[in-house]
Amino acid sequence: MKHIISPLDLTVDEMAELLDLAEDIIREPKKFSSRCQGKKLATLFYEPSTRTRLSFEAAMLNLGGSILGFSSADSSSAAKGESVADTIRVISSYADICAMRHPKEGAPLVASQYSTIPVINAGDGGHNHPTQTFTDLLTIKSLKGRLSNVTVGFCGDLMFGRTVHSLINAMVRYDNVSFILISPNELKIPDYLRKEVLDAKNIRYKEVKNLDEVISELDILYMTRVQKERFFNEADYIRLKDTYILDAKKMELAKKDMLVLHPLPRVNEIAVEVDDDPRAVYFKQAEYGVYVRMALILKMLELA
Ligand code: NCD
């Protein structure tokens, strides 16, 4: 049985199959509407979520399956001190597959070691967020037409942003991908990513502070929220939270076909005026999240 803890748990070929299946689902959703009849998805969310949890649930419902779960640690027995290991042992007998979000890095991995059903990491602390990565890859592939030969700019909180870490890990596997990492000094990518991924694989990248200087070079601009909940002190968060605000004026400097992605939720980092720009695809991206999760559930339950 396979779990999805990191985006690299799928090979490049498996990823291509997943994205192809998601595109089939987009074309012919009805064909898949009862594939998961009788199957249950449990969503175990120990941290807030809107899109990830609801898109997982919408995905299972679209496939004709059912859902159960909890949406905060407070409303589960975690509040009484139950371990993740005990919880998953029990949930294994209630559901066929589960998606888990947890503030502690590695919690879904621990769960997978005690689980008898497939476990999907729906975000673990500042570490990984594989299903957001699959969503991002589907968005780029569908709207840009390719995953190779692209310059991707990541802007904002590259230190704590798990969606950034996951997507970098996944994108270095495609040809001729380069990165421009745009952040204040305090929010640069973690050292392990720089050394063990970018340097180790000889990936072309540069680290800069100023978005205006580099926006014209980008094919994809991946904006991120400063991750308030991972800061040790509030003063640092307040000082850094509005470092970048993408607005219409900055968009004038960008390529005519640059795409703006954002995993959402947005706070101030993209001005609302940008939403009407055809290059702003973050709401479309959120919609793709449902299709890619439908495809993933089908693959993991071996129903496609
Ligand atoms: C992201 C997350 O939870 O890491 N949101 C999401 O899943 N779409 C990004 C964020 O919270 O900033």
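## Two domains

How far apart are the centres of domain 1 and domain 2, taken over C-alpha atoms? They're separated by 25 Å. Before going on, note that this is a predicted model, where local features need pLDDT of at least 70, side-chain atom pairs count only at pLDDT 80 or more, and totals for chains, interfaces and linings use all residues. Residues are numbered from 1 along each chain as its sequence is written, and side-chain values use heavy atoms, with hydrogens and water left out.

The domain assignment gives domain 1 as 7–129 + 289–300 and domain 2 as 131–285; such bounds come from an automatic or database domain assignment. Across the boundary, 33 residues of domain 1 touch 25 residues of domain 2, where contact means heavy atoms within 4.5 Å.

## A four-stranded sheet

Let's look at an open sheet next. Four strands make it up, in the order β2-β1-β3-β4, and the pairing is parallel. (Strands are DSSP runs of E with at least two residues, helices are runs of H or I with at least four, and both are numbered from the N terminus; two strands pair if DSSP finds at least two bridges between them.) At the edges sit β2 (66–70) and β4 (119–124), each pairing on one side only. From one strand to the next, the twist averages 15°.

Strand β1 (residues 40–45) pairs with β2 in the parallel sense over five bridges. If you want a spot to find by eye, Ala 42 stands opposite Leu 68 in β2.

## Helix α11 and its partners

Two packed helices are described by the angle between their axes and the distance between the axes. Here, axes are lines fitted to C-alpha atoms, for helices over the stretch in contact, and angles run from 0 to 180 degrees between N-to-C directions. Helix α1 (residues 12–27) packs on helix α11 (residues 282–300) at about 120°, with the axes 8 Å apart. Their crossing is right-handed (the near helix is turned clockwise from the far one by less than a right angle; anticlockwise would be left-handed). Residues making this contact include Leu 18, Leu 21 and Ile 25 of α1 and Val 292, Ala 295 and Leu 296 of α11. By class, the contact has 13 nonpolar, no polar and two charged residues. (Ala, Val, Leu, Ile, Met, Phe, Trp, Tyr, Cys and Pro count as nonpolar, Asp, Glu, Lys and Arg as charged, and the others, Gly among them, as polar.)

Helix α11 also packs with α5, at an angle of about 115° and with axes 8 Å apart. That makes α5 roughly perpendicular to α11 (65 to 115 degrees; under 35 is roughly parallel, over 145 roughly antiparallel and the rest oblique). This crossing is right-handed too. Among the residues that meet are Phe 134 and Leu 138 in α5 and Tyr 288 and Arg 293 in α11. The mix here is seven nonpolar, seven polar and three charged residues.

## Helix α5 against α6

What about α5 (residues 130–144) and α6 (residues 162–171)? Their axes come within 9 Å and cross at roughly 60°, which means α5 is oblique to α6. The crossing is right-handed. The contact involves, among others, Pro 130, Leu 137 and Ile 140 of α5 and Leu 167, Ala 170 and Met 171 of α6. Sorted by class, there are six nonpolar, four polar and one charged residues.

## Two backbone details

Pro 265 lies in the loop between β9 (259–261) and α11. The peptide bond from Leu 264 to Pro 265 is cis, with omega near 5°.

Asn 176 sits in the loop between α6 and β6 (177–182). Its phi is near 55°, a positive value in a residue other than glycine.
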